[in-house]
Amino acid sequence: MKIERQNEDIVIRLNASLINMEEVQKLTSYFRFIESNSLNTGNEEEAAELAREVHSAWWSENRSRFITKS
C-alpha cells in the first residue's frame with residue numbers, strides 16, 4: 001500500500017490482486033460520506049426543517065396508498 005498527497009488530493013495505491021473490490025466499494029462510500037459531510041454548513045434546526053418538508057411532500061404523494069376512502 002502506498003499513500004501520497006498530491007496537491008489537494010490524497011492518493012491511495014493498493015495491489016488489486018490482494019484486495020476484495022466489495023470492500024473497496026465500502027471504503028469509497030465511506031470516503032464520499034466524509035467528503036460530503038465536511039461540506040455541510042447546515043445546523044440541526046435546518047436539518048429538522050428539511051426533514052419536515054420531505055416528510056410532508058412524501059405524505060402528500062403517498063397518502064392514498066395508506067388511507068382509503070370509505
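By a helix I mean here a DSSP run of H or I that covers at least four residues, with numbering from the N terminus, and with that in place I can say that Ser 60 is found in helix α2. Please keep in mind throughout that what we are looking at is a predicted model.

Let me begin with the overall layout. The protein chain has two helices and two strands, and if you follow the chain from the N terminus, the elements come in the order β-β-α-α. The radius of gyration is 21 Å, whereas the globule rule gives 11 Å for 70 residues, so the protein chain is more spread out than a compact globule. The C-alpha trace, taken along its principal axes, spans about 65 × 30 × 15 Å. As for burial, 3% of the 70 residues count as buried, and the area that the protein chain exposes comes to about 7000 Å², with carbon and sulfur atoms supplying 54% of that area.

Two pairs of residues give a feeling for distances within this chain. Ser 60, which I placed in helix α2 a moment ago, has its C-alpha atom 51 Å from that of Lys 2, and these two residues are 58 apart along the chain. Ser 60 is exposed, because its relative accessible area is 59% and the cut-off for that class is over 50%. The other pair is Asn 43 and Glu 22, which are 21 residues apart in sequence and, from C-alpha to C-alpha, 33 Å apart in space. Asn 43 belongs to the loop between α1 and α2, and with a relative accessible area of 44% Asn 43 is partly exposed.

Now to the nonpolar surface. Which residues make the nonpolar surface patch of about 1300 Å²? The patch is built from Met 1, Ile 3, Ile 10, Ile 12, Leu 14, Leu 18, Ile 19, Leu 27, Tyr 30, Phe 31, Phe 33 and Ile 34. In terms of elements, β2, residues 9-13, and α1, residues 21-38, each contribute at least two residues to the patch, and the largest share, which is five residues, comes from α1. One of the patch residues, Ile 3, sits in strand β1, residues 2-6, and Ile 3 counts as exposed because its relative accessibility is 58%.

From there I turn to the charges. The protein chain carries 9 positive and 12 negative charges, and the mean positions of the two sets are 7 Å apart. As a general remark, side chains of opposite charge can pair when their charged atoms come close. In this structure there are four salt bridges, and I will go through some of them.

At the N-terminal end of the numbering, Lys 2 forms a salt bridge with Glu 4, and their closest N and O atoms are 3.2 Å apart. Both partners are partly exposed, Lys 2 at 47% relative accessibility and Glu 4 at 22%.

Further along, Arg 52 deserves some attention. Arg 52 forms a salt bridge with Glu 45, where the closest N and O atoms are 2.9 Å apart, and Arg 52 also forms one with Glu 49, where the corresponding distance is 3.0 Å. Why are Arg 52 and Glu 49 separated by about one helical turn? The reason is that these two residues are three apart in helix α2, which covers residues 44-66. Through salt bridges that share partners, Glu 45, Glu 49 and Arg 52 are joined into one network. Regarding their accessibility, Arg 52 is partly exposed with a relative accessible area of 42%, Glu 49 counts as partly exposed at 35%, and Glu 45 is exposed at 52%.

My last point concerns the backbone. Most residues other than glycine have a negative phi. Against that background, what is the phi of Asn 7? Asn 7 has a positive phi of about 55 degrees, although Asn 7 is not a glycine. Asn 7 lies in the loop between β1 and β2, and with a relative accessible area of 72% Asn 7 is exposed.

To return to where I started, this is a predicted model, with a β-β-α-α order of elements, a nonpolar surface patch of about 1300 Å², and a network that joins Glu 45, Glu 49 and Arg 52.

How values were computed:
Residues are numbered from 1 along each chain as its sequence is written. This is a predicted model: local features need pLDDT of at least 70, side-chain atom pairs count only at pLDDT 80 or more; totals for chains, interfaces and linings use all residues. Side-chain values use heavy atoms; hydrogens and water are left out. Patches are made of residues with over 30% relative accessible area and no salt bridge: like charges are joined within 9 Å, nonpolar side chains (Val, Leu, Ile, Met, Phe, Trp, Tyr) within 5 Å. Accessible areas come from the Shrake-Rupley method with a 1.4 Å probe; for residues, only the protein chains shown count as cover. A salt bridge is a side-chain nitrogen of Lys or Arg within 4 Å of a carboxyl oxygen of Asp or Glu. Buried means under 20% relative accessible area, exposed over 50%, partly exposed in between (1.4 Å probe, protein chains only). The radius of gyration is taken over C-alpha atoms; the globule rule is 2.2 Å times the number of residues to the power 0.38. Lys and Arg count as positive and Asp and Glu as negative; His and the chain ends are not counted. The place of a charge is taken as NZ of Lys, CZ of Arg, CG of Asp or CD of Glu.
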